[in-house]
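Thanks for passing this one along. Here are my notes, in the order in which I would go through the model with you.

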Amino acid sequence: MHGRSRRGNVVSQVDCATPVSMATLVDYWAGDTSTADAERFEEHAFACETCSRRLEAIATLAGGVARVATMPGGIGMVVTQALIDRLLADGLRMRHYRVQPGETVQCTVGPDDDLSVTYLSAELHDVQRVDVVLYAHGSEWARMDDAPIDRVTGQVIYTTGGRLARTFPAITVRVELRAPEKDGNARVLGEYTFEHTPHSG
Amino acid sequence: MSGSPAMVPEELGDAELARRIGASTSDSEAETELCRRFGKRIRLYGLRHFRSEAMAEDLVQQVLVLALDALRQQRVREPDRLASFILGSCRMVAREARRGEARRQRLLEHYAVPHELAPEPAAQLDLERLRGCVEKLPPRERMVVMLTFYGERNGDEIASDLSTTLGNVRVVRHRAVGHLQQCMGVRGVETS
């Protein structure tokens, strides 16, 4: 399984002739392997410097992602309510905007806000996929294709990082929630309007 | 003992390293190499099973102490399987830790593993760059990596949250990690 050092001595830490797949590394680190598979992998990784280094790279990246989630200034993403609850518990400051189809909401962002959280309600029970499309000044401004639906709340929830939101001028943003159809067209599930006012402080 | 006193410990195989530690109570080079070689692996094991930096660091200390003690006392029956012995020690100590047994203090009172022998913390990432890479991920990939690595939800839970399958979650997560590595310029991990 392992290679030889430059002096020709057998060492157990050089190269690996049977490296585990990256998918296995990721599943192992995520806790999504059976106990038997995890133990088999651990036997290999403990004897193999190559694969333990590869695992360390995954672990470092995973740890970095966790830290990015709570960085000051926030990050924009589609989320679940469970994730919002976790971010709140970790001390992120946020504003929440809950909207029904057809509604207009006045919104802003404060100097210390990490996140602005938007909850889009719509009839989503039989919908498999939704796209979120944002329009400003009459044209498409941003979009999130294949946005996951939080099945617990039945809503599409997304965040905007406070750092980014503080750069927005006074602007009206129209948001469409769309369900793509097989013929290439899209069914509009809801339209929402956000009238953003920059923070005066 | 097979004659390798001139050999740099980094180049020794596990079995020879074990024999050198067992042959002398003062082969600090060999002991340092043992700690260097296995410290990170023990730490990763601890992080994976405890999801706690502090508990992982404790595990490193305890397992290295146990291993050094066993090697010095020549109680490792199969030096060729040193890695397996250390993994077995990890599992045993982890089980005990879960049961809340207070063995750590007793061991540490007898054996103080020098701090510099412990593995260095994971390399620091450029978090601003990583933030940018995360923001470039498609929404579903971004959400799945966040739920996995920040939310600490397993694949079944994420599949339930999103009304999808575990297989789909795994595919999306694997793809997302690949995209992040590519964006961060991480190399040498991918092996399909």
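**Notes on the chain A–chain B contact and the sheets of chain A**

1. Let me start with the interface of this predicted model. On one side 57 residues of chain A take part, and they are in contact with 52 residues of chain B.

2. Which elements of chain A build its side of that contact? Helix H1 (22-30), helix H2 (35-47), helix H3 (49-69), S1 and helix H4 (81-89) of chain A each bring at least two residues to it. The largest share belongs to H3(A), with 17 residues.

3. You may like the composition of this face for your own setup. The side of chain A that touches chain B has 32 nonpolar residues, alongside twelve polar and 13 charged ones.

4. On to the sheets. One open sheet of chain A has four strands, in the order S1-S7-S4-S2, and its pairing is mixed. Strand S1 (77-79) and strand S2 (94-99) of chain A each have a single partner strand, so they stand at the edges with one side left without a neighbour in the sheet. On average, neighbouring strands here are turned by 25° against each other, direction ignored.

5. For a closer look at one edge of that sheet, take S2(A) and strand S4 (residues 115-121) of chain A. These two pair in the parallel sense, over six bridges. If you want a residue pair to find your way by, A:Arg95 stands opposite A:Ser116 in S4(A).

6. Another open sheet of chain A is made of five strands, in the order S3-S9-S8-S5-S6, again with mixed pairing. Why do S3 and S6 of chain A each have one side without a neighbour in the sheet? Strand S3 (104-107) and strand S6 (139-144) are at the edges and have a single partner strand each, so nothing in the sheet flanks them on the other side. Here, too, the average turn between neighbouring strands is 25°, direction ignored.

7. At the S6 edge, strand S5 (residues 131-136) of chain A and S6(A) pair in the antiparallel sense, over five bridges. A handy marker is A:Val133, which stands opposite A:Arg143 in S6(A).

8. Lastly, a word on confidence. Chain A has an average pLDDT of 89, and 93% of the residues score at least 70. Over residues 1-14 of chain A, however, pLDDT stays under 50; the model has 32 contacts beyond four places in sequence for this stretch.

Conventions:
Residues are numbered from 1 along each chain as its sequence is written. Chains are lettered from A and ligands numbered from 1 in the order in which they are written. This is a predicted model: local features need pLDDT of at least 70, side-chain atom pairs count only at pLDDT 80 or more; totals for chains, interfaces and linings use all residues. Two strands pair if DSSP finds at least two bridges between them. Axes are lines fitted to C-alpha atoms, for helices over the stretch in contact, and angles run from 0 to 180 degrees between N-to-C directions. Two residues are in contact if their C-beta atoms, placed from the backbone, lie within 7 Å. Ala, Val, Leu, Ile, Met, Phe, Trp, Tyr, Cys and Pro count as nonpolar, Asp, Glu, Lys and Arg as charged, and the others, Gly among them, as polar. pLDDT is the predictor's confidence in each residue, from 0 to 100.
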